[in-house]
Amino acid sequence: KLTWQPAFPPPPLKGGISVTMEDLQCLDSGQYLNDVIIDFYLKYLLQNASAAVAESIHIFSSFFYKQLTRRDNASEGTNSDSCQRQRRHQRVKTWTRHVDIFKKDFLFVPVNQEAHWYLVVICFPGMEEPKVEAWIDSESQKGKSVESQRQDEAQGSKSISENAEMPPTLNRSDAVEPETGTSDSVIPACFARICLYHVKVTFLYFFGFKLVSPLYRPCILIMDSLKLSLHERVFKLLREYLQSEWEVRRGSSREFGPDQMKSSHCQVPLQDNSSDCGLYLLQYVECFLKDPVVHFDLPLHLRRWFPRQQVRRKRDEIRDLILNLHRHQNLDEAESKHANVCTPQDFLPIPFSDEYFTKGSICI
């Protein structure tokens, strides 16, 4: 009998998330998405992102924030804020043992509080000051190594001439001028190329947007499909987590206070019911990965980021995705069980070919 336990990524890849029939029922109309569906689709988005995007981001599990904020008896009697901060970090210390989050451009943290999902995006955690990025002619970069491109971009970031010719990009708010910083940290080359690719200058001019050079800043963004949620404690705890993680990773101290790591509530599309918060969280991540924000003049105005109808279709899209995965994996299982001839090689792990990982298949 074939089992109902589709997983993504599929075996033999590690870290697969299995979906049960009970999980699938969360996709029925009016139901709240559970943590399995959230983590499943976030992992699917990451697996399908371009190599450049995937390298520049890190997506935490939906259990990360829950584990970070879990209360225990030992911490209840501790009065020192520093001790509580270190104790919280200790709970999730191993979650980043294989990744340096300060080398990433964006950290995505799904949060569930009181049966409500929303998204936290930590932007440029390794950057210490805001920075205006110099534009780079993509044609002049052809034939250059990644390292030489990175050096060129670093040089452009340090010194931006007032008379330099730089293509404009979208300023999503009405600020007069972006602020510049003096930090020597380098913006990753992969993200700079993503920004250049996604800017549609003619389109923006046509619709009358104000256009300036890209501004990057370390910040914590909240994308919440309900206006009623309060997030001050979330900002505080994540700043403290970053501070502890920096101390462990870098062996030095660094401030992540409100002045160094600004917080902001993004103006995003809002839900019109009480059950679609999880779907909006997933849509926020999907849109961010497909079309990264290129100018961080806060707050970000993203009300027209996507139509509401796109979210309404998402339950069916995710359900079809899981069912397709189930059929595909069961087909592989059936073919394996009914093989007529078995050799020792049949029991070895079978690598997937490039053709197997195609958009026509669920196993991307």
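## A walk outward from strand β10

Strand β10, residues 219-223, is mostly covered: five of its five residues are buried. The model is predicted. β10 makes a good starting point for a tour of it.

Look at the two sides of β10. C219, L221 and M223 are on one side, and I220 and I222 are on the other. Both faces are covered, and all of these residues are buried. The pattern has a plain background. In a regular strand, side chains alternate between the two faces of the sheet.

Which strands pair with β10? β5 is one partner, joined to β10 by five bridges. These two strands run antiparallel. Two pairs of residues help to fix the register. V121 stands opposite L221 in β10. C123 stands opposite C219 in β10. Strand β11, residues 262-265, is another partner. β10 and β11 pair in the parallel sense over four bridges. Here I220 stands opposite S263 in β11. So β10 has an antiparallel pairing with β5 and a parallel pairing with β11, and the burial rule explains the term used for its residues: each has under 20% relative accessible area.

Now step across to β5. This strand is mostly covered too, with eight of its eight residues buried. H116, Y118, V120 and I122 point one way from β5. W117, L119, V121 and C123 point the other way. All of them are buried.

β5 also pairs with β4. The two are antiparallel, with eight bridges between them. F106 of β4 stands opposite C123 in β5. C123 in turn stands opposite C219 in β10. Follow C123, then, and you can read both pairings of β5 from one residue.

What joins β4 to β5? The two strands form a hairpin with two residues between them. E114 lies in the turn and has a positive phi of about 55 degrees. A115 is in the loop between β4 (106-113) and β5 (116-123). Its phi is near 65 degrees, a positive value in a residue other than glycine.

Beyond the other end of β5 comes F124, in the loop between β5 and β6 (131-132). F124 is not a glycine, yet its phi is positive, at about 50 degrees. Is F124 buried or exposed? Its relative accessibility is 3%, so F124 counts as buried.

Go back into β5 and stop at W117. Its relative accessibility is 4%, so W117 counts as buried. What surrounds W117? Leaving aside neighbours within four places in sequence, its contacts include L33, N34, D35, I38 and S62. P110, V111 and N112 are also among them. So are C277, G278 and L281, which are in contact with W117 as well. One contact deserves a closer look. The side chain of W117 reaches the backbone oxygen of L33 at 2.8 Å. G278 deserves another. It is 161 residues from W117 along the chain, but the two C-alpha atoms are separated by 5.3 Å.

G278 leads on to helix α11 (277-290). The helix has 14 residues. It reaches 20 Å from its first C-alpha to its last, close to the 20 Å expected at 1.5 Å a residue. α11 is mostly covered: 13 of its 14 residues are buried.

After α11 comes a loop that runs to α12 (308-312), and P299 is found in it. The peptide bond from L298 to P299 is cis, with omega near -5 degrees.

Helix α6 offers another pattern of burial. In α6, the buried residues are R85, R88, H89, R91 and V92. Why do they belong to one side of the helix? They cover an arc of only 150 degrees around the axis, which puts them on the same side of α6. The length of the helix can be checked as well. α6 has twelve residues, 81-92, which should span 16 Å at 1.5 Å a residue. Its end C-alpha atoms are 17 Å apart, which agrees.

Finally, the whole chain. It holds 13 helices and eleven strands. Of its 364 residues, 48% are buried. Contacts across long stretches of sequence, like that of W117 with G278, can be set against the overall figure. Among contacts between residues at least 6 apart in sequence, 78% join residues at least 24 apart. The accessible surface comes to about 19,500 Å², and 51% of it belongs to carbon and sulfur atoms.

Technical notes: Residues numbered from 1 in each chain as written. Predicted model: local features only at pLDDT ≥ 70, side-chain atom pairs only at ≥ 80, totals over all residues. Heavy atoms only, no water. Buried < 20%, exposed > 50% of the residue type's maximum accessible area, 1.4 Å probe, protein only. Expected span 1.5 Å × (residues − 1). Arc of directions from axis to C-beta. Pairing = 2+ DSSP bridges. Contact = heavy atoms within 4.5 Å. Areas by Shrake-Rupley, 256 points an atom, 1.4 Å probe, with all protein chains shown as cover. Polar contact = N/O pair within 3.5 Å; in protein donor to acceptor, adjacent residues only side chain to side chain.
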